[in-house]
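Trainee: I should like to request a close look at a single part of this structure. Please take one strand and its surroundings, and describe them in a connected way.

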Amino acid sequence: MCQKKLYWVFSFIFIVGAALACQAFPGSRNTTDEPGRLLFQDDFSDPASGWNRIATTQGETDYADGVYRIFINEPNLDIWSFPGQDFNDVRIEVDALKVGGERNNRYGIICRAVKQDSFYTLIISSDGYYGIGKIQGQDYSLIGMEALQPSGAIMKGAALNHLRADCVGDTLTLYVNGEKIAEVRDPSFAAGDVGLIAGSYETAGTDIRFDNFVVYQP
């Protein structure tokens, strides 16, 4: 099976929120099974909903036109953002769309952020790969895999993907466009904030828009 090596250059930026100018999303590919009780939701129509609006030479996060933008203006860099919540077990869903940069990127969902640099990531790339990992300070590791893996469930290029991350007990499960593509176990983090992340590899310019961020009780 083809694999994609994940090398993480430890130039992280944590930005508690943001998004930028955007277009209407073409339509969510929601999962079909019924979620539990609604815990938190954000359609990014309100710039005061809790995600910060920050711009630096390295990247930007900001609200605009009802979506949320993470833009990476430097190679080998990740930017993430949290809305300032605290949950135990969660089911998180979001729509994500690449509007700029190379397909060789990464973006997705954060759960159980115990600190601004300690959390789980459930990510995909615009060239069709996925992974579940853990960030602890300057240390990043994939869980249950040595490299990002390909999946036909991921829509490539500038296409909408509906992501779902279940963080329940010590089990982390990633769904893309209604299809379960990965499940791993790790006991490191039991609760914390939720969030969004995007990153670049050798080429800067990764530009991801997020919409319809929802957190349910599983």
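Mentor: Let us begin with R106, which is buried, its relative accessible area being 2%. This is a predicted model, and the values below are computed from it. R106 belongs to strand 8, which covers residues 105-115. The side chain of R106 has a polar contact of 2.8 Å with the side chain of D78, and another of 3.3 Å with the side chain of Y201. R106 also lies over the face of Y201, 4.3 Å from the ring centre. Y201 is thus linked to R106 in two ways, by a polar contact and by the placement of R106 over its ring. A comparable arrangement occurs elsewhere in the model, where R164 lies over the face of Y175 at 3.9 Å from the ring centre.

The burial of R106 fits the setting of strand 8, in which 9 of the 11 residues are buried. Strand 8 has two strand partners to consider here. With strand 16 (residues 193-200) it runs antiparallel, joined by 7 bridges. With strand 9 the pairing is also antiparallel, over 6 bridges, and a hairpin of 2 residues connects strand 8 to strand 9. G108 illustrates both pairings: it stands opposite I197 in strand 16, and its bridge partner in strand 9 is I123.

From strand 9 we may follow Y120, which lies in that strand (residues 118-124). Y120 is buried, with a relative accessible area of 0%. Beyond its neighbours within four places in sequence, Y120 is in contact with a set of residues including I109, I110, C111 and R112, as well as D186, P187, S188 and F189. Its C-alpha is 9.9 Å from that of G195, although Y120 and G195 are 75 residues apart in sequence.

Of these contacts, F189 deserves particular attention. The side chain of Y120 reaches the backbone nitrogen of F189 at 3.1 Å. The structure holds 10 aromatic pairs. In the pair formed by Y120 and F189, the ring centres are 5.0 Å apart and the planes meet at 55°, so the pair is tilted. This pair links distant parts of the chain, since Y120 is in strand 9 and F189 is in the loop between strand 15 (179-185) and strand 16, 69 residues apart. Y120 and F189 are both buried.

Aromatic residues also gather elsewhere: F40, F44, W51, Y63, Y68 and F213 form one aromatic cluster.

Definitions and conventions: Residues are numbered from 1 along each chain as its sequence is written. This is a predicted model: local features need pLDDT of at least 70, side-chain atom pairs count only at pLDDT 80 or more; totals for chains, interfaces and linings use all residues. Side-chain values use heavy atoms; hydrogens and water are left out. Helices (H or I, at least four residues) and strands (E, at least two) are DSSP runs, numbered from the N terminus. Buried means under 20% relative accessible area, exposed over 50%, partly exposed in between (1.4 Å probe, protein chains only). A polar contact is a pair of N or O atoms within 3.5 Å; within protein, one must be able to donate a hydrogen and the other to accept it, and residues adjacent in sequence count only if both atoms are side-chain atoms. Contact means heavy atoms within 4.5 Å. Two strands pair if DSSP finds at least two bridges between them. Rings of Phe, Tyr and Trp (its six-membered ring) pair if their centres lie within 6.5 Å; planes under 30 degrees apart count as stacked, over 60 as edge-to-face and the rest as tilted. A charge sits over a ring if NZ of Lys or CZ of Arg is within 6 Å of the ring centre and within 35 degrees of the ring normal.
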